[in-house]
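Got the model open in your viewer? Let's walk along the boundary between its two domains, one selection at a time.

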Amino acid sequence: MKNKQFVLILSAVVSISGFSQGMLLPLISFIFERDDVPSFINGLHATSLYIGVFLTSLFLEGLLRKWGFKPLIITGGAIVTLSFLLFPMLKTMTLWFILRLLVGIGDNMLHFATQSWLTQVTPRSQLGRALAYYGLSFSLGFMLGPLLVPLVNIHEALPFVVSAVMSLIAFTLVFTLKNSMPVQDTHPVSLSSTFINFRRVIKTSWIAFLFPMVFGVIESSINSNFPVFALKHDLTLHDITWILPSFSLGTILFQVPIGSLSDRGNRSHLLLVLTLIGATVFLMGDFFIAYRYVMIAVFFIAGIFVGSLYSLGVTYMTELTPKHLLPAGNLMCGMVFSIGSIAGPIIGGATIESSNNQLFFIAISSLILVTSIATLVFIMTNRQLRSD
């Protein structure tokens, strides 16, 4: 099968996965809010998805090396599809927490296997562009996912069933691909060997993991904390529904050009420039929060410069990491992203509360700036080592 078809199939899988996640988060929040579940419990319940992603990351490398890419994608897709079908049948807080955790596990299987497969077979000279399309597919799906939420007004089970059917169609496309195995490591696969590989990858590629982690903080905090912050500054719900998608739109429109640019230039320098500009743009948010159209522009421009941090971070990790350690590197990208996604709402909420509804964007900007400084230190250190 041609490489283009291969990329399209994997992109379709991750697009539907993003669509399902984009639907699930606001859908359950809406159902719980309608059922008078306290906001704190509602938010805490949402962390189960990322807990599932984090916990299963410790075991996926062993499964991938034992099964190969294709079976892991199919297993993850089956778990996601079955979980969506069970949501309407098992409506209790505890069981929905477990089902969301299972969705996190299944999605992590899908993302880890597809991402690892793509990074292994794609030539390094084309990797930035390929991963940009991969990230674009997820972003587009995630942005469109909430469109299913209004179906809950027709019947509560309908959005779950529609999402399950779409997930089933997407992951069955993988049956058309021939299974492949990752490049084998010389060490036997075990939990201890996974941790050993993590340590090796951190030694060579620690800088690359900052970008997916920071992106996780940004994405989760602007989706969960910004609406609260905006309402406290007299923006309306209508304003917020226009502002938030502008970030995804900026990401979608410029992710592939930026990914292609990274293939032709120095990725570390590009990441340094993107994070510096992104930090500056987000900083403006605290000064123009009362102006809807300015905030739409701020989010759109921020999406251009920091919306590609996850895919660029994975690409940069692939550039820095020995090929036999790529499965561990891809696992760590997913793990640090989930850590950032869990930490984002906590950081954002604590900042809003402790600063009397101020400094939200300054906190995000400061975090991005720290990443810029770390990137500069990495560049200077490597330059010094090469000159020695």
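Start by selecting the residues where the domains meet: 31 residues of domain 1 are in contact with 39 residues of domain 2, contact meaning heavy atoms within 4.5 Å. This is a predicted model, where local features need pLDDT of at least 70 and side-chain atom pairs count only at pLDDT 80 or more, while totals for chains, interfaces and linings use all residues. Residues are numbered from 1 along each chain as its sequence is written, and side-chain values use heavy atoms, leaving out hydrogens and water.

Now colour by domain: 1–181 is domain 1 and 190–387 is domain 2, with bounds from an automatic or database domain assignment. Their C-alpha centres sit 21 Å apart.

Turn on the surface next. The two domains bury about 3000 Å² between them, 64% of it on carbon and sulfur atoms; that is accessible area (1.4 Å probe) lost on putting the two parts together, summed over both. Pick out Tyr-50, Glu-61 and Arg-124, which supply 20% of the area domain 1 buries against domain 2, more than any other three residues.

Which helices of domain 1 should you show on the side that touches domain 2? Try α2 (39–67), α4 (93–121) and α5 (127–144), each supplying at least two residues; helices here are DSSP runs (H or I, at least four residues), numbered from the N terminus. Zoom in on α5, since the largest share of that side, twelve residues, comes from α5.

Last stop: look for salt bridges (a side-chain nitrogen of Lys or Arg within 4 Å of a carboxyl oxygen of Asp or Glu). The count between the domains is zero.
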